[in-house]
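User: I would like the reasoning behind the labels used for this model, one label at a time.

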Amino acid sequence: MSHGETAAATEADGLAEQVVLDVSRPLRVTHLTPAARRLTLAVVSIGWLRGRSPEALASLRERYLTPAETEQAAALRAPRRRHEWLAGRLALKHAVSAHGRRHWDLVREPRAVEVRTVVGGIQAGRPVVDAPVEVGLTHSGDFAIAVCGPHAIGVDLEHDRPMPPTLARVLDQECDPRAPSPHARRLAAMPAALRWTCKEAVLKYYGFGLRVDAREVALTGWLPDGRFTWRPGGGLLRHAPTAETRRPTGWAGAVHGHHLALVGR
């Protein structure tokens with residue numbers, strides 16, 4: 001392994017150690033290494049929010065949400081959805097605010113960061129912010145994770161849980177334990193839920209989510225340092241033709257009982 005490959009492996013291996021999921025901790029913000037990628041990650045505990053009183057949640061909304069966001073929050077009826085939505089907004093706002101302080105020397109309070117979503121089209125629902133950065137968002141179980149950086153980002157988090165049998169069979173079709181490449185053979189050892197997380201992270205990178213069939217992302221290898229490789233199907237290329245020649249790199253691994261995948265340039 002060359003010096004460059006050794007450095008890349010060390011950086012990728014360290015990613016799992018940088019992401020801390022602690023349900024008792026309301027917020028954790030991390031500037032991911034390597035610093036050259038300029039990525040900031042924020043974790044908000046949905047489990048912690050569930051334990052807050054209605055008055056405490058109202059205080060959080062008043063402190064952090066813009067009037068338009070407050071109106072949107074009021075329209076959500078299901079308690080679970082309200083907690084997930086608020087956690088996601090808090091994670092995005094804190095990630096963007098912290099990223100600005102670190103990389104632009106810009107002091108901007110989280111409340112001043114406005115979060116919107118794309119309306120209509122194949123990217124409907126993709127989060128965007130009023131800052132010159134790209135953001136990615138995911139939530140699963142007790143946690144919401146937002147990632148902020150200067151380029152497109154895809155992130156997905158899933159519980160460590162058995163996949164539905166039908167979906168597991170579809171995912172297993174890509175795995176060949178007898179493949180000539182050792183990295184391709186390692187896919188057979190990758191948990192099915194982690195393979196699914198990789199596919200979702202790629203689709204989120206392009207802003208499509210599951211509006212494009214996850215089978216359009218074919219995993220081709222999983223390296224020992226956590227990086228994974230993939231190739232686009234024709235359905236994905238119709239919407240993102242640059243995916244043929246400019247595929248972003250991805251990392252996937254286990255983080256505190258969850259599966260996490262992060263995709264970026």
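The exchange below takes up the overall fold and then one hairpin.

Analyst: Note at the outset that this is a predicted model. The chain has nine helices and 11 strands.

User: How do you know what radius of gyration a compact globule with 265 residues would have?

Analyst: The rule is 2.2 Å times the number of residues to the power 0.38. For 265 residues it gives a value near 18 Å, and the chain has 19 Å, so the two agree. The C-alpha atoms fill a box of roughly 60 × 40 × 35 Å along the principal axes.

User: What makes a residue count as buried, and what share of the chain is buried?

Analyst: Buried means under 20% relative accessible area. Of the 265 residues, 49% are buried. The chain exposes about 12900 Å², with 53% of that area supplied by carbon and sulfur atoms.

User: Why is strand S5 called largely enclosed?

Analyst: S5 covers residues 134-140, and five of its seven residues are buried, so the rest of the structure largely encloses this strand.

User: How do you know that S5 and S6 pair, and what is their relative direction?

Analyst: Pairing requires at least two bridges between two strands. Seven bridges join S5 to S6 (residues 143-149), so the requirement is met, and the strands run antiparallel. One of the partnerships is between Thr-138 and Ile-145 in S6.

User: What lies between the strands of this hairpin, and which phi does Gly-141 take?

Analyst: Two residues lie between S5 and S6, and Gly-141 has a positive phi near 60 degrees.

Methods: Residues are numbered from 1 along each chain as its sequence is written. This is a predicted model: local features need pLDDT of at least 70, side-chain atom pairs count only at pLDDT 80 or more; totals for chains, interfaces and linings use all residues. Side-chain values use heavy atoms; hydrogens and water are left out. Helices (H or I, at least four residues) and strands (E, at least two) are DSSP runs, numbered from the N terminus. Buried means under 20% relative accessible area, exposed over 50%, partly exposed in between (1.4 Å probe, protein chains only). Accessible areas come from the Shrake-Rupley method with a 1.4 Å probe; for residues, only the protein chains shown count as cover.
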